[in-house]
Every structure is written in C-alpha cells, then in structure tokens.
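Here is a short round of questions and answers for a newcomer. Have a look at the chain before reading on.

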Amino acid sequence: MKYCRNSHSVYLLHFHLILVVKYRRKVIDDIISDALKSIFGKVGNSYGIKIEEWNHDIDHIHVLFQGTTKADFCKFIDSYKSCSSRIIKESYLKIKESLWKFYFWSPSYCLITTGGASIETIKKYIESQGENDE
C-alpha cells in the first residue's frame with residue numbers, strides 16, 4: 001500500500017521483530033506479554049508504528065508490525081526496549097529476582113522485512129509460537 005503526502009512518496013512496510021529477554025530468562029507469561037504489548041502500542045504511536053500480530057514465548061516475543069518509510073525503526077526499537085525495561089521492572093517485582101540489573105532485553109534483536117512471504121503466512125507463524133513448550 002502506498003501513501004502520498006506533500007508530493008513525497010511514503011510507503012507502508014511490514015516487519016517481523018524478535019526480542020529476547022536478557023540471559024534468556026523465562027519470565028514472560030500472559031500478563032507480562034500483555035503489558036509489553038501495551039507499551040509497544042504506546043511507544044509505536046509516537047513513531048507511526050502499528051501492531052499487526054503479537055505473540056510470546058517464555059523468553060522472547062514476536063511482533064509483526066507496520067510503519068511508514070518515514071519511521072526511524074532503530075530509534076523506535078531502542079526507545080521501546082528502554083521504556084519497557086523500566087516499566088516492567090518497576091511494575092512486576094518478581095522480574096527483579098530473575099533480572100537483577102537494569103536491562104530486561106538482550107542488547108541484540110532480530111528485525112526482518114516481510115519480503116516475499118505473505119502477511120498471512122507470517123501471522124500464522126507468529127500465532128504458532130510458544131505452542132510446543134513442554
């Protein structure tokens with residue numbers, strides 16, 4: 001989909017983001033995931049980023065999101081990681097037992113353009129994450 005504004009072309013892009021908890025600690029449950037998703041939405045609004053699909057496993061999250069070519073994705077991800085780390089560690093004291101230092105997230109992340117895969121294929125993949133944990 002293409003948007004035009006002030007005669008400059010702005011394109012809508014889709015990305016698959018994977019963020020991993022520092023030390024791969026197993027701290028993400030449904031409640032933490034919902035809080036992380038809410039923070040993602042709030043920070044994303046400032047960057048013109050919208051969640052398409054969200055899922056989590058016990059030590060990482062998967063997000064399919066869309067944004068325009070005007071968005072600074074690296075700055076957004078850094079902002080989200082910083083903000084969510086602070087809020088989660090302040091709001092959920094049990095996290096401090098597993099992650100005693102400042103950071104919640106691993107310093108690295110995986111950001112993949114959706115490329116040739118259809119959005120539906122990526123959504124199904126993200127929906128299936130965490131299903132086979134025993």
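## Salt bridges and core

Q: With which residue does Asp59 form a salt bridge?
A: This is a predicted model. In it, the closest N and O atoms of the pair are 2.9 Å apart. A salt bridge needs such atoms within 4 Å. The partner of Asp59 is Arg24.

Q: How many residues apart in sequence are the parts that Asp59 and Arg24 tie together?
A: Asp59 sits in the loop between strand S3 (50-56) and S4. Arg24 sits in the loop between S2 and H1. The pair therefore links parts whose separation in sequence is 35 residues.

Q: Is Asp59 buried or exposed?
A: Its relative accessibility is 8%. Buried means under 20%, so Asp59 counts as buried.

Q: Is Arg24 buried or partly exposed?
A: Arg24 has a relative accessible area of 43%. Partly exposed lies between under 20% and over 50%. So Arg24 is partly exposed.

Q: Which residue meets Lys94 in a salt bridge?
A: The N to O distance is 2.9 Å. Lys94 lies in helix H3 (residues 93-98), and its partner in the loop between S2 and H1, so the pair ties together parts 65 residues apart in sequence. Lys94 is partly exposed at 43%, and its partner is partly exposed at 26%. That partner is Asp29.

Q: Which residue meets Glu52 in a salt bridge?
A: Here the N to O distance is 3.8 Å. Glu52 lies in strand S3 and the partner in helix H4 (residues 119-127), so parts 71 residues apart in sequence are tied together. Glu52 is partly exposed at 23%, whereas the partner is buried at 17%. The partner is Lys123.

Q: How many salt bridges does the count come to?
A: Asp59 pairs with Arg24, Lys94 with Asp29, and Glu52 with Lys123. The count comes to 3.

Q: Which residues touch the most other members of the largest nonpolar core?
A: This core has 28 residues. Strand S2 (8-21), helix H1 (30-47), strand S4 (60-68) and helix H2 (73-91) each supply at least two of them. In soluble globular proteins, nonpolar side chains tend to be buried together. The residues asked for are Leu36, Phe40, Ile61, Tyr80 and Phe104.

Q: Which residues does Ile61 touch, not counting those up to four places away in sequence?
A: Ile61 is one of the core members that touch the most others. Contact means heavy atoms within 4.5 Å. The residues touched by Ile61 are Leu17, Ile18, Leu19, Ile28, Leu36, Trp54, Asn55, His56, Tyr80 and Trp105.

Methods:
Residues are numbered from 1 along each chain as its sequence is written. This is a predicted model: local features need pLDDT of at least 70, side-chain atom pairs count only at pLDDT 80 or more; totals for chains, interfaces and linings use all residues. Side-chain values use heavy atoms; hydrogens and water are left out. A nonpolar core is a set of buried Ala, Val, Leu, Ile, Met, Phe, Trp, Tyr and Cys residues joined through side-chain atoms within 4.5 Å. Buried means under 20% relative accessible area, exposed over 50%, partly exposed in between (1.4 Å probe, protein chains only). Helices (H or I, at least four residues) and strands (E, at least two) are DSSP runs, numbered from the N terminus. A salt bridge is a side-chain nitrogen of Lys or Arg within 4 Å of a carboxyl oxygen of Asp or Glu.
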